[in-house]
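Biologist: Before we discuss the labels attached to this protein, could you put the sequence and the structure in front of us? I would like to hear how each label follows from its value.

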Amino acid sequence: MNLAYIPSPSHGVLYLGPIPLRGYAFCIIIGVFVAVWFGNKRWIARGGQSGTVADIAVWAVPFGLVGGRLYHVITDYELYFSEGRDWVDAFKVWEGGLGIWGAIALGALGAWIGARRRGIPLPAYADAVAPGIAFAQALGRWGNWFNQELYGHETHVPWALHITSSEGGRVPGYYHPTFLYESLWCIGVGLLVIWADRRFKLGHGRAFALYVAAYCVGRAWIEYLRVDDAHHILGVRLNVWTAVIVFLLAVLYIVVSAKKRPGREAVVEPAAVASGGPADGVCESVSDGAAEGTEAVAEGEGRAEDAEDAGEPVKDEAESAKKS
């Protein structure tokens, strides 16, 4: 028996009268708010307008939820469409089951629609919200803790997760808390993107690609710890293959993008510049231009003074000639 362990909640849902308050849903909702709030701060710092991130999130979040659920249902279809199962359960998102790969893919489509309506480049928007998405995932993973799901192999480490439920084929015992591992990994990914973005001035979607690549590295090794049923290809879990492929695509994008479009966007939201709020990079250009102009003025004044000094002897000679 473990003397130290992470206890599981006795209930994943509380009732406020007839209204169910589900821990899984709360974790997702809080994560979305954090992503939008932090993304808005980064967007403003890049030269965008306040509220743009939230306006685009109105498109991205619903698309992401649908995409995440579709990926889960398609890859685990036997949970909903096999004999003895009720296909209606496929719509019960609150019971868990959102695939991050589908959420990012379809969420990006929703973000593209929103960005196009606002007339801003999607890569710049993606760079701004990338760390916030990582932090949102870190919070969302605690929804698995409320549902007592997606844990790893049995273990006796001091931080083992104590599973108490026997529903759905669970076996009570002590297991690796993979939800916690992924939550901590996502926090690290968010901090990595923030640091790299400040250090290397990432632009044109490269900060978002770095988030994707870094997340895939962690997801690959965490998948090996999980014991939930999953489809395998060549003896390897499907999500591991997905992580490897997406990682390679993200790295390829970073390399190609850095060669074709180096640096960072000077203007991320034209409307912000039109309203008098200079975008990131514009201030630097203005200050550089002002500095060059000051130097030019100083140089011109110096030349004028030299010309004036050179003209004084000529003027004196002319006056002497008139007197003589």
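Modeller: Of the 324 residues of the protein chain, 40% count as buried, and I should say at once that this is a predicted model. The chain contains eleven helices and seven strands, and its accessible surface comes to about 18300 Å², of which 66% belongs to carbon and sulfur atoms. Among contacts between residues at least 6 apart in sequence, 71% join residues at least 24 apart.

Biologist: Which residues make the nonpolar surface patch, and which elements supply at least two residues of it?

Modeller: The patch, of about 640 Å², is made by Leu 14, Leu 16, Ile 19, Leu 21, Phe 26, Ile 30 and Leu 139. Strand S2 (13-16), strand S3 (19-22) and helix H1 (23-45) each supply at least two of the patch residues.

Biologist: Why is Leu 21 called partly exposed?

Modeller: Leu 21, which is placed in strand S3, has a relative accessible area of 31%. Buried requires under 20% and exposed over 50%, so Leu 21, at 31%, is partly exposed. Patch residues need over 30% relative accessible area, and the 31% of Leu 21 meets that cut-off.

Biologist: How many aromatic pairs are there, and what makes the pair of Trp 37 and Phe 38 tilted?

Modeller: The count comes to 14 aromatic pairs. The ring centres of Trp 37 and Phe 38 lie 6.1 Å apart, with the planes at 40 degrees; a pair needs centres within 6.5 Å, while stacked means under 30 degrees and edge-to-face over 60, so this pair is tilted. As for accessibility, Trp 37 has a relative accessible area of 54% and is therefore exposed, whereas Phe 38, with 17%, is buried.

Biologist: How do you know that the pair of Trp 142 and Trp 145 is edge-to-face?

Modeller: Their ring centres are 5.7 Å apart and their planes stand at 75 degrees; because edge-to-face begins over 60 degrees, the pair of Trp 142 and Trp 145 receives that name. Both residues lie in helix H6 (residues 142-147), three residues apart, about one turn of the helix. Ring pairs also link Trp 142, Trp 145, Phe 146 and Phe 179 into a cluster.

Biologist: Are Trp 142 and Trp 145 buried or partly exposed?

Modeller: Trp 142, at 30% relative accessibility, falls between the cut-offs of 20% and 50% and so counts as partly exposed. Trp 145, at 18%, is under 20% and therefore counts as buried.

Notes. Residues numbered from 1 in each chain as written. Predicted model: local features only at pLDDT ≥ 70, side-chain atom pairs only at ≥ 80, totals over all residues. Heavy atoms only, no water. Patch = residues over 30% accessible without salt bridge, like charges linked within 9 Å, V, L, I, M, F, W, Y side chains within 5 Å. Areas by Shrake-Rupley, 256 points an atom, 1.4 Å probe, with all protein chains shown as cover. Salt bridge = Lys/Arg side-chain N within 4 Å of Asp/Glu carboxyl O. Helix = DSSP H or I, 4+ residues; strand = E, 2+ residues; numbered from the N terminus. Buried < 20%, exposed > 50% of the residue type's maximum accessible area, 1.4 Å probe, protein only. Phe/Tyr/Trp six-rings, centres within 6.5 Å; stacked < 30°, edge-to-face > 60°. Contact = heavy atoms within 4.5 Å.
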